[in-house]
Every structure is written in C-alpha cells, then in structure tokens.
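Q: Could we go through this model together, feature by feature, so that I learn how to read each one?

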Amino acid sequence: MKVLLDNITKIFGRIIAVNNLNLEIDDGKLVVLLGPSGCGKSTTLLMIAGIYRPTEGEIWFGDKVVNDLPPRDRKIGLVFQSYALYPHMTVFENIAFPLRLKKENKEEINRKVREISEFLEINELLERKPIQLSGGQQQRVAVARALVKSPDILLLDEPLSNLDAKLRVMMRSELKKMQMRLGITTIFVTHDQSEAMTVADKIAVIKNGVLQQYSSSDELYDLPRNIFVATFIGSPPMNIIEGSIQYEGGNLFFLNPDVRFSLPKDLEFVLKQKRNTKDVLFGVRPEDVNISMKETTQDSISWIIDMVEMMGRELLVTLSRGKTILKTLIDREHSPSIGDRVNIEFSGRVFLFDKESGKNLLCEE
Ligand SMILES: Nc1ncnc2c1ncn2[C@@H]1O[C@H](COP(=O)(O)OP(=O)(O)O)[C@@H](O)[C@H]1O
Ligand SMILES: [Mg+2]
C-alpha cells in the first residue's frame, strides 16, 4: 500500500511537533523516519496509525484519504519500543489477541497464529508467558502480533531500542529480511543513524518537526543537503571547520588562520556562480582524511596528534593545528603517538556549507 503525507502538521498547544511534512512512501518499501529525540517521529507515526489526528494536511493510503478513518479500520500493524505484551497471557494468546477483538472464529485464529509463528520462528514458544522469553523473542512476538491481521502497512516505533547492542544488529537484519519477504510497506522510526542506513530503502531525516532530506542511505552519505544531515549521518561524524573561500591565481582555497586547503576543480566550477559566498563551513569525513607519518621539515603543513582512540579495526586520531581540530580514522598499522607531527591528505569528498543557512553549497537549490 502506497502512503502519502500531504503537508501534515501537528500542533500540541504551543509546540509544533510536525511541521508541513510531505512524504511519499512507495508500495512495499521500508522507509525510516530518522532524527534526534523529540523531532516528531512518533507523532508522525501515530498520525499514520490514526491515533493522532493531523492539525492540518491529508494522509493518503493508496488513492484514499484516511484522515477520518479510525485506527482499527486502517489495516495497520503497530510495534512500539516497549512491546506492550500482555504479561498474564501466553505467547499464543498475545498473538491471537487482535483476531479475538475482530471476533474471528477459533479455527481461523489457530491457523493464522501458527502460520505467522512459523514464519517468525517462534512456534516453539507459543505456550510460554512473556516473562519466560528473551528480549529478542519478545520483540518477535510483538512483530507477530502486529502481522497476524495481515496488515497493509507495518509501523515500527524504535522496535529494537530495548535490545542489547549485539542483538540489535542481528534483529535489524532479520527485520529487514522479513520485510522484504513479505513485501509489506513499512515505516520504521529510529534515532540511530546506523540502524537507519542498514534497513532503509529511503530515509526521511527530520529535525524539529521539519523534513531535512528524503533520500537513500547512499545519497544521504554522499550528498547531504545541509550541515545537519551531514553531521547526523556517519560515525564518527564529519569534521567541520570554519573559514572562508578565496580565489587566488585562478585556484580556489579554503582558509582560516590555521589552515589553507586547495579545493578540487569540480568544487570551483559549482562555486563560480556563488562567488559572493565567503563565510563557509568546510566538511570532510574522518574516513576521508589520510595522514602520512613521514618526518616533515615544512612546519607550515604539519599537524600535531593530540589523541589516539582505539576503535577496533581502526584508530580514531585527533589532530590539531592552532585552534583547528581534525579527526581521522586510520589503519592500526600506522601506530601513531601523541605529539607526533604528520601531514594530511584528503582521499575522499570534501564539502562546503553556507555558514548562515547551513546549506550544502554544492547542492542545487
Ligand atoms: N501528546 C502530546 N502532548 C504534547 N506534546 C507532545 C505530545 N506528544 C509529543 N509531544 C511533543 O512533540 C514533540 C515531538 O515528539 P515525538 O513525536 O514524541 O518525538 P520523537 O518520537 O521524535 O522523539 C516533542 O516536543 C514532544 O514533547
Ligand atoms: Mg518517539
């Protein structure tokens, strides 16, 4: 089922929780609503579920406006962070509950509960109570209860937040696999950018109720439209350095009192039309900064290693030059030491943002 949010706004008293949100979710896709706590993700999901009514705007399921449709008539399955399983009921009864509400007959209920339990591989657990289940199993029961009515749309609000780190990573790929096998249109809320990137067909990044960008994971990473998206997506986050741009002898430079980077030719081309942009933020991801440990005699280009943090396969190295700080992710074989002087080189894409608006200067308007 295709879902369309057409200029949705939700106001609680003086708080604009969701501000003019437009979103088109194609049939069978998994879309993530991503943003920091309080940005309006749950409110958006609850409007799609019919639990909240939009203050303004229309919600479409397929070719029908559903604003006036109560939740039980929307053919949605809902899973919350707290799975809200009924503690006194068995797993079977928990999953059967939505069907009992619909007064389906006993055989049908039996058949449907067994079918979805087999699909989610929890058929061995049907006689247990929720307290006798692990976190991952409880999560699956909650998903089974949401799916047993064969909904058109699956809505998941931080469904993995209660699990420990290792289980989260496992369950998110399981959820993704399940969603692809069922081909069910799914809207998945999370504040965790790495979770979003791994499961989503498309991600809607939201800040203060306002949509910042709606694209694939690749595009968010490669071409963030503004500084918020640029620093929210990617871990460790993108380095941001304040300064200005200057043309000298036909070349383009980024500079501040500490640094002077010559910028690639393709940036130059794009920026030609925006020549009056002087104050900018320069961005480069830690994984796109290389360091060379070669002893350098040219003091003017060297950086000092302030800190080295072990990140598993890689090291996160903090460099400074005057007041400017730059973080880089490097292979462990480099074995850098605090106090060493190094040179840097950018191996990947660099970004420029307008200091005032935060817009990526390389994006079309
Ligand atoms: N029922 C409510 N009454 C008043 N304010 C609310 C209500 N629900 C959410 N809000 C406010 O709306 C904003 C968005 O909340 P929410 O959608 O829960 O954010 P998220 O799920 O992204 O963390 C927050 O400022 C929150 O305090
Ligand atoms: Mg929430």
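A: Let us begin with the ligand, keeping in mind that this is a predicted model. A useful habit is to ask which elements line a ligand before turning to single residues, and here β2 (15-25) and α1 (41-49) each supply at least two residues of the shell around ligand 1. The most is given by α1, with 3 residues.

Q: Which residues surround ligand 1, and how do the residues of the shell divide into nonpolar, polar and charged?

A: Ligand 1 has around it F12, I15, A17, G35, S37, G38, C39, G40, K41, S42 and T43. By class, the shell around ligand 1 holds 4 nonpolar, 6 polar and 1 charged residues.

Q: What should I look at for the protein as a whole?

A: One can start with extent and secondary structure, then turn to burial and contacts. The C-alpha trace spans about 85 × 45 × 35 Å along its principal axes, and the protein contains 9 helices and 20 strands. Of its 365 residues, 34% count as buried, and among contacts between residues at least 6 apart in sequence, 65% join residues at least 24 apart.

Q: Which domains does the domain assignment give, and how many residues does the contact take from each?

A: The assignment gives domain 1 (3-232) and domain 2 (239-354), whose C-alpha centres lie 40 Å apart. Their contact takes 5 residues from domain 1 and 6 residues from domain 2. On the side of domain 1 that touches domain 2, the largest share, 3 residues, comes from helix α8 (residues 227-232), and the residues of that side divide into 2 nonpolar, 2 polar and 1 charged.

Q: How many residues does the largest nonpolar core have, and which have the most contacts inside it?

A: A core is best read first by its extent, then by its most connected members. The largest nonpolar core has 81 residues, and those with the most contacts inside it are V32, I95, L155 and A204. Helix α4 (residues 135-147) gives the most to this core, with 6 residues, while domain 1 (3-232) and domain 2 (239-354) each contribute at least three residues to this core. To follow one member outward, take V32: apart from its neighbours within four places in sequence, V32 is in contact with F188, T190, A196, V199, A200, I203 and A204.

Q: Where is the place of P130, and is P130 buried or exposed?

A: P130 sits in the loop between α3 (106-119) and α4. P130 counts as buried because it has 20 C-beta neighbours inside 10 Å, and 20 is the number at which a residue begins to count as buried. Leaving aside its neighbours within four places in sequence, P130 is in contact with L85, P87, N94 and Q138. P70 is 60 residues away from P130 along the chain, and their C-alpha atoms are separated by 29 Å.

Q: How should I read the strands, and in which sense do β16 and β19 pair?

A: As a general idea, the side chains of a regular strand alternate between the two faces of the sheet. Turning to the pairing, strand β16 (residues 303-310) and strand β19 (residues 341-346) pair in the antiparallel sense over 2 bridges, and the bridge partner of W303 in β19 is V342. Strand β17 (residues 314-321) also runs antiparallel to β16, joined to it by 6 bridges, and within β17 the bridge partner of I305 is L319. These two strands, β16 and β17, form a hairpin with 3 residues between them, and in the turn G312 has a positive phi of about 95°.

How values were computed:
Residues numbered from 1 in each chain as written. Chains lettered and ligands numbered in written order. Predicted model: local features only at pLDDT ≥ 70, side-chain atom pairs only at ≥ 80, totals over all residues. Near = placed C-beta within 6 Å. Helix = DSSP H or I, 4+ residues; strand = E, 2+ residues; numbered from the N terminus. Nonpolar A, V, L, I, M, F, W, Y, C, P; charged D, E, K, R; others polar. Domains from an automatic or database assignment. Contact = placed C-beta atoms within 7 Å. Core = buried A, V, L, I, M, F, W, Y, C linked by C-beta atoms within 7 Å. Buried ≥ 20, exposed ≤ 12 C-beta atoms within 10 Å, placed from the backbone. Pairing = 2+ DSSP bridges.
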